Amino acid sequence: MTLIRPTRRDLLKLAAVAPAFALPAAARAQLGAPAAANPAHFRFTLGEAQVTVISDGFFTQPVDGLGVNAGEGAVVDFLKAHYLNSEQNYAHTNHVFVELGDAKVLVDVGSGSRFFSTTGRLVANMEAAGIDPSSITHVFITHAHPDHIWGIRDDFDEAIFPDAAYFIGEAEHAYWMQDDLANKVAPEDQQFVVGAVNSINVDGVEWNFVTDGDEIAPGISVMNSFGHTAGHMSLRVESGGKQLIATGDALSHGWLNFAHPEWYNGIDADPEATVASRKAMLDMAAADGIALLGYHFPFPGAGHVVRDGEAYRFIPALWQFRG
Ligand SMILES: [Zn+2]
């Protein structure tokens with residue numbers, strides 16, 4: 001049997017015809033993980049506000065939970081075309097810490113020690129960034145999923161930021177605290193309910209309930225972004241004519257949600273509301289030049305939105321060093 005060896009010229013010709021298929025498989029893979037730790041915080045300013053993004057770590061989950069209403073194979077094709085792992089989704093956990101006036105506001109408290117072994121690093125990363133956890137004045141919880149609220153208590157079941165004032169959406173709190181919810185949901189969701197209830201009931205936390213447009217500190221307000229959970233909310237920072245929205249999980253994927261805002265995930269509680277909230281937020285951010293910061297976007301997760309026909313594009317913010 002004759003072995004036909006293509007020449008370099010043949011390969012180039014082939015590549016010109018079908019560039020995606022002519023590349024060897026390895027060329028489609030993402031870059032490898034680092035051999036040593038990367039910095040886990042990122043600072044920028046927004047008007048007078050100083051913003052620090054602090055990571056709680058990362059986790060991976062099978063991609064079959066993404067874009068569950070997309071056509072057969074469409075999500076996998078999209079991920080491959082964007083050099084992303086097409087089997088496991090890599091989710092960052094970008095916490096926003098805003099210092100504006102006298103307020104030091106933290107958005108969400110991470111997973112703590114009860115979820116993935118690769119998360120629960122928020123306090124250590126905060127200290128590495130030179131931020132004293134006891135200086136936090138306000139904690140705002142976007143929603144009561146494990147990666148956003150389970151970190152509220154330490155291994156002794158005490159609140160990790162005992163001196164802060166705590167804020168959560170009225171509707172979000174009402175959903176998780178309704179009578180006997182654990183027995184109303186599917187068995188696979190029961191752990192989420194028990195975890196949410198135990199987190200909300202943690203010793204040392206008195207909740208302030210907020211609704212759309214409430215200001216929790218000067219220049220810092222909250223907005224409805226229902227859908228991912230029943231009462232999901234996002235946080236808006238406004239200073240010096242500039243605005244930033246910490247989206248929480250109203251936007252949860254740094255590529256898919258922009259190219260296909262109509263696709264929702266298996267975990268989105270109300271698919272229709274999820275898509276409507278997302279599109280409203282993207283429209284507003286694109287029209288008004290509002291920066292977005294996605295909790296699960298590639299770290300640090302901050303950037304702007306531009307329209308791209310019926311869809312959108314995310315423009316990651318420039319990483320800047322101190323001048
Ligand atoms: Zn999340």
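## The hairpin of strands 10 and 11

Glu238 has a bridge partner in strand 11: Gln243. This pairing belongs to a predicted model. Strand 10 covers residues 233-239, and it pairs with strand 11 in the antiparallel sense. Five bridges hold the pairing. The two strands form a hairpin, with two residues between them. In the turn, Gly240 has a positive phi of about 60°.

Is strand 11 largely enclosed or largely open? Strand 11 spans residues 242-248, and five of its seven residues are buried, so the rest of the structure largely encloses it.

## The seven-stranded sheet

Strand 11 also pairs with strand 12. Here the two strands run parallel, joined by four bridges. Ala246 has Leu293, in strand 12, as its bridge partner.

These strands belong to an open sheet of seven. The order is 8-9-10-11-12-13-14, and the pairing is mixed. Strand 8 (215-217) and strand 14 (311-316) are the edge strands, each pairing on one side only. On average, neighbouring strands of this sheet are turned by 35° against each other, direction ignored.

At one edge, strand 8 runs antiparallel to strand 9 (residues 220-224). Two bridges join strand 8 to strand 9. Glu215 stands opposite Ser221 in strand 9. Which helix packs on the sheet? Helix 9 does, touching strand 11, strand 12, strand 13 (302-308) and strand 14. The direction of helix 9 makes about 95° with that of strand 13.

## The nonpolar cores

The largest nonpolar core has 57 residues. Those with the most contacts inside it are Val96, Val98, Val139, Phe140, Val237, Leu244 and Leu293. Apart from this core lies another, of eight residues. Phe78, Leu79, Leu84 and Leu256 are among them.

What does Val237 touch beyond its neighbours within four places in sequence? Its contacts include Leu46, Ala49, Val98 and Leu100. Gly219, Ile220, Gln243 and Leu244 are also in contact with Val237. Gln243 thus appears twice, as a contact of Val237 and as the bridge partner of Glu238. Leu293 likewise has two roles, in the largest core and as the bridge partner of Ala246.

## The loop after helix 9

Helix 9 covers residues 271-288, and strand 12 covers 291-294. Gly289 lies in the loop between them. Is Gly289 buried or exposed? Gly289 is exposed, because just 12 other C-beta atoms lie within 10 Å. The C-alpha atoms of Gly289 and Thr137 are separated by 28 Å. Along the chain, these two residues are 152 residues apart.

Notes. Residues are numbered from 1 along each chain as its sequence is written. This is a predicted model: local features need pLDDT of at least 70, side-chain atom pairs count only at pLDDT 80 or more; totals for chains, interfaces and linings use all residues. A residue is buried if 20 or more other C-beta atoms lie within 10 Å of its own, exposed if 12 or fewer, and partly exposed in between; C-beta atoms are placed from the backbone. A nonpolar core is a set of buried Ala, Val, Leu, Ile, Met, Phe, Trp, Tyr and Cys residues joined through C-beta atoms within 7 Å. Two residues are in contact if their C-beta atoms, placed from the backbone, lie within 7 Å. Two strands pair if DSSP finds at least two bridges between them. Axes are lines fitted to C-alpha atoms, for helices over the stretch in contact, and angles run from 0 to 180 degrees between N-to-C directions.
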